[in-house]
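Q: Please take one part of this structure and go through it closely, in plain terms for a first-year student. I would like a connected account rather than a list.

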Amino acid sequence: VAGLKHGHFGTLDAIAAIDGETWLLDLKTGTGLYAETGLQIAAYASADFIGRLGTTRRFRLPRATRFGAVHVRPEGARLIEYRVDPSTFAAFLEARRLYAWQQGPAKSVIGEPVIAGTGSAAA
């Protein structure tokens, strides 16, 4: 899926009709589920379209009414609902902004040691 306005892209795992509702789902196989998955799902839900390899055609993303993760474990799978709303997407955008800062500007935040009594950085 692609969200052009905010420049986010990802691979959505599933869109499913369950009991007459459209679910947007992410598959998880780890030992636990995390709140951050909600940020990922919110990003998918806000996408502008679905793309497919080998074509430039843009496919409509169905409007989901519910959101969740399918937690797949050796003993079976469980559908866990996630709350996704505008504040969840806003948190996703903030997380992206923090990540971008960590990858660039944060690397120059820490300066050189200051030499006592001189007020200047060590050479």
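**The sheet and its surroundings**

A: Valine 109 lies in the segment that follows helix H2 (86-103). The model is predicted, and this account begins at its surface before turning to the sheet. Valine 109 is exposed, because its relative accessible area is 54% and a residue counts as exposed when that value is over 50%. Together with Leu98, Trp101 and Ile110, Val109 makes up a nonpolar patch on the surface. The accessible area of the four residues together is about 440 Å².

Now to the sheet itself. Four strands form an open sheet, and their order across it is S3-S4-S5-S6. The pairing is mixed. Strand S3 (14-18) and strand S6 (76-82) stand at the edges. Each of these two has a single partner strand, so one side of each has no neighbour in the sheet. The strands are also turned: on average, neighbouring strands of this sheet make an angle of 35° with each other, direction ignored.

The mixed pairing can be followed strand by strand. Strand S4 (residues 21-28) and strand S5 (residues 66-73) run parallel and are joined by six bridges. One bridge pair can be picked out here: leucine 24 has phenylalanine 67 in S5 as its bridge partner. On the other side of the comparison, S5 and S6 run antiparallel, with seven bridges between them. Here valine 70 stands opposite leucine 79 in S6. S5 passes into S6 by a hairpin, and two residues make the link. In a regular strand, side chains alternate between the two faces of the sheet.

Before S4 comes a loop that starts after S3, and aspartate 19 is found in this loop. Aspartate 19 has a phi near 50°, which is a positive value in a residue other than glycine. Its relative accessibility of 77% places aspartate 19 among the exposed residues.

Charged side chains belong to the picture as well. Side chains of opposite charge can pair when their charged atoms come close. The whole structure contains five salt bridges. In one of them, glutamate 21 pairs with arginine 66, and the closest N and O atoms are 2.9 Å apart. Glutamate 21 is in strand S4 and arginine 66 is in strand S5, so this pair ties together parts that are 45 residues apart in sequence. Glutamate 21 counts as partly exposed at 28% relative accessibility, and arginine 66 is also in the partly exposed class, at 25%.

A second salt bridge links aspartate 26 and lysine 28, with 2.9 Å between the closest N and O atoms. Is aspartate 26 buried or exposed? Aspartate 26 counts as buried, because its relative accessibility is 2% and buried means under 20%. Lysine 28 is partly exposed, with a value of 21%.

Another salt bridge joins aspartate 85 to arginine 83, and here the closest N and O atoms are 2.3 Å apart. Aspartate 85 is partly exposed at 23% relative accessible area, whereas arginine 83 is exposed at 63%. Salt bridges can also share partners: Glu21, Arg66 and Glu81 are joined in this way into one network.

A helix lies against these strands. Helix H1 (residues 36-45) lies across S4, S5 and S6, and runs at about 130° to S4. Seven of the ten residues of H1 are buried, so the rest of the structure largely encloses this helix. The buried residues of H1 are Thr37, Gly38, Leu39, Ile41, Ala42, Ala43 and Tyr44. They pack against S4, S5 and S6, and also against strand S2 (8-9) and H2.

One more contact leads back to the opening of this account. Histidine 6 sits in the loop between strand S1 (2-3) and S2, and with a relative accessible area of 29% this histidine is partly exposed. Leaving aside residues up to four places away in sequence, histidine 6 touches Phe89, Leu93 and Arg96. Histidine 6 and arginine 96 are 90 residues apart along the chain, and 9.9 Å separates their C-alpha atoms.

Notes. Residues numbered from 1 in each chain as written. Predicted model: local features only at pLDDT ≥ 70, side-chain atom pairs only at ≥ 80, totals over all residues. Heavy atoms only, no water. Patch = residues over 30% accessible without salt bridge, like charges linked within 9 Å, V, L, I, M, F, W, Y side chains within 5 Å. Areas by Shrake-Rupley, 256 points an atom, 1.4 Å probe, with all protein chains shown as cover. Salt bridge = Lys/Arg side-chain N within 4 Å of Asp/Glu carboxyl O. Buried < 20%, exposed > 50% of the residue type's maximum accessible area, 1.4 Å probe, protein only. Pairing = 2+ DSSP bridges. Axes fitted to C-alpha atoms, helices over the stretch in contact; angles between N-to-C directions. Contact = heavy atoms within 4.5 Å.
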